Amino acid sequence: MKSTLLLAATLLAGTAFLQARAQEPEPGRPHRPYAERPPVDPAILVEKATRDPFVQPNDMALFPGLPPSAPVQRQPAPREQPSEGQVLERRPPVNPTQQPAFAGQTRAVAVRTKTPIEEEVVARGLSYPWSLAFMPDGRMLVTEKSGALRVVSRQGEVSGPISGVPPVMHAGDCGLLAVLVDPDFASNRLIYLSFVGYRPNGHALMVVRGRLSADDRTIGYVEQLLTLPPFSGINHYAGGMVIGHDGKLYVGTSEWITDETRIAAQLPASPMGKILRINRDGSIPADNPYVNVSGAEPRVWSIGHRDPEGLALDPKTGGLWISDHGPQGGDEIDRVEPGHNYGWPLVAYGKRYDGGLLGGGRSQFPGTEQPAYYWDPAIAPAGIAFYTADLVPEWKGNLFVAALGGRHLARLVLEDGKVTGEERLLRGNDQRVRDVKQAPDGALWVVTDDFDGRLIRLSPRR
């Protein structure tokens, strides 16, 4: 208990100290090319934490709230849609005492797609699909949480399970998660999988790379690229992935949701609650922000995340955007910069699931970044994708967000990195929307999170 509370106090003091010294690098301190103002000084924290900071878990809630038996305040989404130009979200906020940090950070006005859109259910019967990825010929790889990886044709023909997928722990948020296709897949047939696998002392998020056979029936030459510390819980493992324009692999990790472990999101020595950046062979890029900091986790790209499942690349800048599951009324979209701190659990919008406050209800703190957009009430954002095609011109540059709790596909209209409008699509399907991807022909495809999971294509009506 004392060690965790000391870390929390050190974080607060260390952040203020760093702000005062941000303009004067300390002599002899390792150069961090991407961390223009590192919010947490590894030299302060690393000496008080090991690479596995949970050997002796804290026995007291870091941010105590109401008793665990308190009911979760859930608000059903209204079926009616406001008129264009009016604020889209009409439900009262979970935490009405908090205010956005800037105009347009939440509760954007409603917009409408003027192009008539057809929502075609191409396949169904998928068992809780989590992710999809397009191969060069337009067919898709689709993961199911139970551990099955399948090929689905554009006509909706679903293959049997591909063999060679590593054993998967399937419970709660655990399972087979994201799938990516290598940029050079046409020549090397490499794919990447994130999943929760078994460890001697529990289970852990893992990332592997393997070669898909020419007949699409098996994965061979499987290499383990990333294995995180084991845990015994079944909630919050993140697993979102994307390959950047720099050719590097970015992976979202969670902090395991508990009061005892969530402070790991603020520790550069821990890989949990982070965006990690590795080379596609699993090695560590030389220009990661903490790579030359003694004791820090060299794969860390950014810190202070809760459960980032969706990762996507800005089509204009190549920068990384993520979706992050927050507490009640704290789901967010972040523009991620290397070496920066996105606040969790020092700051958060919304409330705890038991109705209590996080960090005393604080939503801003010096040295931490604000979300580009947040939802209160929450929508449970999962996969995200920028639209870059010409098939639906009015969608170009928009960010699409799969909403699990909201049971819709959110369309965010962006101008200069800020959200100026929001639309909610696929509401008639009444299923949790898990992932969204743009096809080579410019159509959008989504999978829904259900025992009868659907693969749905969105394109202009013929």
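On a 1 Å grid over the protein atoms alone, a cavity is a set of points where a 1.4 Å probe fits but cannot get out. About 150 Å³ of space lies in the largest one here, where a volume is the space filled by probe spheres set on the points, and grid points are joined across faces, edges and corners. This is a predicted model, so to speak of local features takes pLDDT of at least 70, side-chain atom pairs count only at pLDDT 80 or more, and totals for chains, interfaces and linings use all residues. Residues are numbered from 1 along each chain as its sequence is written, and side-chain values use heavy atoms, with hydrogens and water left out.

**Overall picture**

- The protein has three helices and 23 strands; helices (H or I, at least four residues) and strands (E, at least two) are DSSP runs, numbered from the N terminus.
- Of its 462 residues, 60% are buried, where buried means under 20% relative accessible area, exposed over 50%, and partly exposed in between, with a 1.4 Å probe and protein chains only.
- Take the contacts (heavy atoms within 4.5 Å) between residues at least 6 apart in sequence: 62% of them join residues at least 24 apart.

**Cavities**

- Rolling a probe the size of a water molecule over the atoms shows where empty space is left.
- Searching the whole structure turns up three cavities of 30 Å³ or more.
- The largest cavity is lined by 19 residues, and the closest to its centre are E332, Y342, W344, V347 and A348; a lining residue has an atom within 4 Å of a point.

**Salt bridges**

- Side chains of opposite charge can pair when their charged atoms come close.
- The whole structure holds 27 salt bridges, each being a side-chain nitrogen of Lys or Arg within 4 Å of a carboxyl oxygen of Asp or Glu.
- E223 and R209 are one such pair, with their closest N and O atoms 2.9 Å apart.
- E223 sits in strand β8 (residues 219–227) and R209 in strand β7 (residues 202–212), so this pair ties together parts that are 14 residues apart in sequence.
- The two ends differ in burial: E223 is partly exposed at 36% relative accessible area, while R209 counts as buried at 13%.
- R299 pairs with E297, the closest N and O atoms being 2.7 Å apart, and both R299 and E297 are buried.
- Salt bridges with shared partners also join E89, R91, E422 and R424 into one network.
- Within that group, R91 bridges to E89 with the closest N and O atoms 2.8 Å apart, and both R91 and E89 are buried.

**The β1-β23-β22-β21 sheet**

- Strands of a sheet pair through backbone hydrogen bonds, either parallel or antiparallel.
- Four strands make an open sheet in the order β1-β23-β22-β21, with antiparallel pairing; two strands pair if DSSP finds at least two bridges between them.
- β1 (117–126) and β21 (432–438) are at the edges with a single partner strand each, so one side of each has no neighbour in the sheet.
- Twist from one strand to the next averages 20°, using axes that are lines fitted to C-alpha atoms, with angles that run from 0 to 180 degrees between N-to-C directions.
- β1 and β23 pair over seven bridges in the antiparallel sense, and A123 has L455 in β23 as its bridge partner.
- On the other side, β22 (residues 444–449) and β23 (residues 453–460) are joined antiparallel by four bridges, and three residues lie between these two in a hairpin.
- Across that pairing, V447 stands opposite L455 and L444 stands opposite L458.
- Seven of the eight residues of β23 are buried, so the strand is largely enclosed by the rest of the structure.

**The β17-β18-β19-β20 sheet and G405**

- Another open sheet has four strands in the order β17-β18-β19-β20, again with antiparallel pairing.
- Its edge strands are β17 (381–386) and β20 (418–425), each pairing on one side only.
- Neighbouring strands in this sheet are turned by 25° against each other on average, direction ignored.
- Four bridges join β17 to β18, and A385 has F400 as its bridge partner in β18.
- G405 is in the loop between β18 (399–403) and β19 (408–415), and is partly exposed with a relative accessible area of 49%.
- Leaving out residues up to four places away in sequence, G405 touches I379 and A380.
- The C-alpha atoms of G405 and R432 are 6.3 Å apart, although 27 residues separate the two along the chain.

Notes
1 Å grid on protein atoms, 1.4 Å probe; cavity = no way out; pocket = protein on both sides within 12 Å on 5 of 7 lines; lining within 4 Å.
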